[in-house]
Amino acid sequence: MPVAQIIINSIIRASELSLIALGLTLVYGLLKFSNFAHTEYAVIGVYLALIFNVYLGLDIFTSALLSAVITGFIAISFDRMIFRRLRKSSAIVLSVTSLGLAIAVRNMIRAIWGAEPRSYTIGLQEPLIFFGIRLTPVQIWIIVTAAVFMVAFHLLLHKTKLGKAMRASSDNPALAQASGIATEKVVVWVWFIASSFAAVGGILIALETYLLPYMGFAIIIPVFCATILGGIGNPYGAMLGALALGFAENFGLYLNFGNIFNLWGLFDVMKEIHIPTGYRDAISFGILIVILLIRPSGILGGRD
Amino acid sequence: MLEYLAYLSIMTGIYGILSLSLNLQYGFGGLANFGQVGFFCLGAYTSTLIVVLVKGPFILGLLGGIIAAGLFGWLISIPTANLKEDYWAIATLAAAEIVRLFFLNEDWIFGKGPYHGGAFGIGGIPRPLQSWFSATTYPFFYLCIVILCLIVTYFVIRLVTDSPFGRVLKAMREGDELPLAMGKNVGKYRMKVMALGGATGGLAGSLVAHFWSFIDPYAFMPIETFVVWAMVVVGGKGNNLGALVGAIIIQFFYSSTQFLKDYIPIDPQVLASLRMVLIGVLIVLVMLFMNEGLVKERKRIYR
Amino acid sequence: MIMLEVVDVHKSFGGIKALDGVSLGVERGSVTGLIGPNGSGKTTLFNVISGFYTKDAGKVYLGGERIDELAPDEVARKGVGRTFQISQAPEKMTVLENMLLAPKGQMGEGLWNALFGKRRVLNQERHNLEKALGLLNSVELIDLRNEYAANLSGGQKKLLALGRILMAEPEIILLDEPTAGVNPTLNKSLMRLIEDLRRAGKTFFLVDHNMKVISEICDKVCVLDFGKKIAEGTPREIQENEEVLEAYLSGSSKKWTQKVGIDS
């Protein structure tokens, strides 16, 4: 497999994870807890889009947009019903509660749609082949969508009043509240943005692979890994972390670690050592553990 | 029917041990272990390895499971000193998954022959003293073994939590400053708690492996951890009896809904999913409205 | 005889120098005070001495032995007892449990003994219990012994903190604002207790903003400002010291000196 293909695959994976990781880090930065139900918002969005796209026959773009918006409102109502009552609780209480929510949501989806994989109706995908790289139009859309959303987020964060309020509330909630920045309003907006981004991210994944009720749980550790790697609480960290993880996962399987042992052919020993494909998931697990051991604040330091 | 009750009781007993173990770690030690199933898995596979590969006796398998999981618990406790509680929770989730992935991929450790290992699982795990009993009476014998282990586990953990050691744990739960200022090496305490928690989790794993006579990596998914969390949270964290109560309640709930499938015209798969939905909802409700669980932590009164 | 000696200690946080070459000594059997405007480094110094902060430079000696490289629990075991500005009271522990937490060398705190040395552990517990009850009597908390410590009033928590430390029989006791938030009656009890203990030979090093308290019970007072020691002497000498007045005044508080009774 040519290196260029691996790079492309890395970018695709990074694109899929980035929006979800961004949402997770936003919520953490503001409310200071790890939301284990976050990736389930992605799954909610995914299956809502299924309803619009497959059952109602809408095109995928409209479906995605509609489901992102609805997911946003669902997240706000979960906050109203559940997390708002626990604002003063410890991080672990919140995390365990979000765990319960996650279990309920993903199994509800499973109860409704069953365990078989599903797909959107997007027509046959003809891959473009150039310079030895294979790329389907969907994959191009994934990369473009992620990029567009990240730019939009950046503009939101720095060029709007809401963005300013978000930054202030995340840095110093007490001060923000005292100076009249309506923190609860910011909270509502953050939930909306975080979950709708997650929904879009999930749809991107589903576009490339398929829909499964447990897909949220399948990506929870990679998403946490990307978030923490980049520095939890820092949205740019989430983007960076997703990129780093995308590359780590793809190059991790490709690289021949045997080269390190035999010094690229100097010694005639251990010619081929690869990480077995069965351990693909373990790459993100391992990185997560290593990062937590040596630098929990992540690459960009985060805001703890 | 009676045999089914025996089966149910055995599983309740095994989960009771897991619940006591997690309660020790979280309820008393303040350590939110999201990887409890890792101890379960390690205990089961180690015990199986010893009994199946090395042809060791059941007791040795049990011991092996306990020690292996205890060591693992000690290992994952090392970074607790520097990690915030929810970070550590994620790390333990990842660690348990790595353990499972290891056993999923490394089928070679079980050698060739009838024991495939890997995704196929391992079958033919010999049950202790199986030949002494008939097929119908054996479960009752095994139930006795499980109850014995449960009682021992309860007493060990109860002794520990009632002792000065347990007192230090209670102080540590809410912050390191006070116990440190009192001269207690907080890191060491955490390691010991995790080692004991791991050991008891491993015991449960060994017991389940020999009961089912067959194990595969799909029996040790993260959902098992969360079911045990439901038991601790519902039953009452920081109370050993509460942990047992939680185990009984959740198990009862689980199995009673199994009977519903005969009366409610819903597909059993869907019913199974709905069961899990209810567990999730239960966790949320308890955290919102009954934070301490059913059996609250006891106040220690002197004289 | 110097019990605690601090030699040229430096500590910075980011760009801020909290302690800038502080040197001082606390005599055995004395009550020494540490005062200074807000942010002068008092609590930082306490944290460095008790091992909760690692210093950037300097040395700390306890009874001639260096303790500045030790972890906080090791420092505590060497004989340094300290309280915190915000009294620590674990929610689910009673007053008695708090007291029983403190003694050093409890066998039951080892896992092995907890499981297999029941009789020895029980003996030790009984001994500690008697001691705890006696101490609770002297801090007048005996009736609350089976109450959850978190339910105590602010002042009661301070008394508990003092009682707790005494259980550990420390060489020196660092008190961080023992009178803050305590009503006058309880305050008097606290002061009386410290006096009694001093007469019994204990050493105290305390931080407080209440000049009345400081002048009543301290033999010697050290003054910090911007991380430096600017004065040292008896309470009388300190109150008449020009530099000290400058330090307090140049902050914000002309009101402070008037409130505390220093003529300016």
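**View 1. Helix α2 of chain B is largely enclosed by the rest of the structure.** This is a close-up of a predicted model. Of the 18 residues of α2(B), 17 are buried, so the helix is largely enclosed by its surroundings. A residue counts as buried when 20 or more other C-beta atoms lie within 10 Å of its own. Helix α2(B) runs over residues 36-53. From its first C-alpha to its last it reaches 26 Å, close to the 26 Å expected at 1.5 Å a residue.

**View 2. K55(B) takes a positive phi just after α2(B).** The residue sits in the loop between α2 and α3 (58-77) of chain B. Its phi is near 60°, a positive value in a residue other than glycine. Most residues other than glycine have a negative phi. Is K55(B) buried or exposed? K55(B) counts as exposed, because it has 9 C-beta neighbours inside 10 Å. The limit for exposed is 12 or fewer.

**View 3. D8(C) has a positive phi within a strand.** The strand is β1 of chain C, residues 2-13. Phi of D8(C) is about 50°, although D8(C) is not a glycine. With 13 C-beta neighbours inside 10 Å, D8(C) counts as partly exposed.

**View 4. Helices α1 and α9 of chain B pack at an angle of about 70°.** Two packed helices are described by the angle between their axes and the distance between the axes. Here α1 covers residues 2-28 and α9 covers residues 222-235, with the axes 9 Å apart. That angle makes α1(B) roughly perpendicular to α9(B). The crossing of α1(B) past α9(B) is right-handed. Which residues of α1(B) make the contact? They are Y15(B), L18(B), S19(B), L22(B), N23(B), Y26(B) and G27(B). An α-helix has 3.6 residues a turn, so residues three or four places apart point the same way. From α9(B) come V228(B), W229(B), M231(B), V232(B) and G235(B). The residues of this contact divide into eight nonpolar, four polar and no charged.

**View 5. Chain A meets chain B.** Two pairs of chains are in contact, and chains A and B share the most contacts. The contact draws 34 residues from chain A and 35 residues from chain B. On the side of chain A that touches chain B, helices α4 (91-113), α9 (215-230) and α12 (280-294) each supply at least two residues. Which of chain A's helices gives the largest share? It is α4(A), with 16 residues. By type, this side of chain A divides into 24 nonpolar, seven polar and three charged residues.

**View 6. Chain B also meets chain C.** This contact takes 29 residues from chain B and 30 residues from chain C. Four helices of chain B each supply at least two residues of the side that touches chain C: α5 (138-162), α6 (164-172), α7 (177-181) and α8 (186-212). The most comes from α6(B), with six residues. How do the residues on this side of chain B divide? There are 14 nonpolar, five polar and ten charged.

**View 7. No contact joins chain A and chain C.** The closest C-alpha atoms of chains A and C lie 14 Å apart.

Technical notes. Residues numbered from 1 in each chain as written. Chains lettered and ligands numbered in written order. Predicted model: local features only at pLDDT ≥ 70, side-chain atom pairs only at ≥ 80, totals over all residues. Contact = placed C-beta atoms within 7 Å. Nonpolar A, V, L, I, M, F, W, Y, C, P; charged D, E, K, R; others polar. Expected span 1.5 Å × (residues − 1). Axes fitted to C-alpha atoms, helices over the stretch in contact; angles between N-to-C directions. Parallel < 35°, antiparallel > 145°, perpendicular 65-115°, else oblique. Left-handed = near helix turned anticlockwise from the far one by under 90°.
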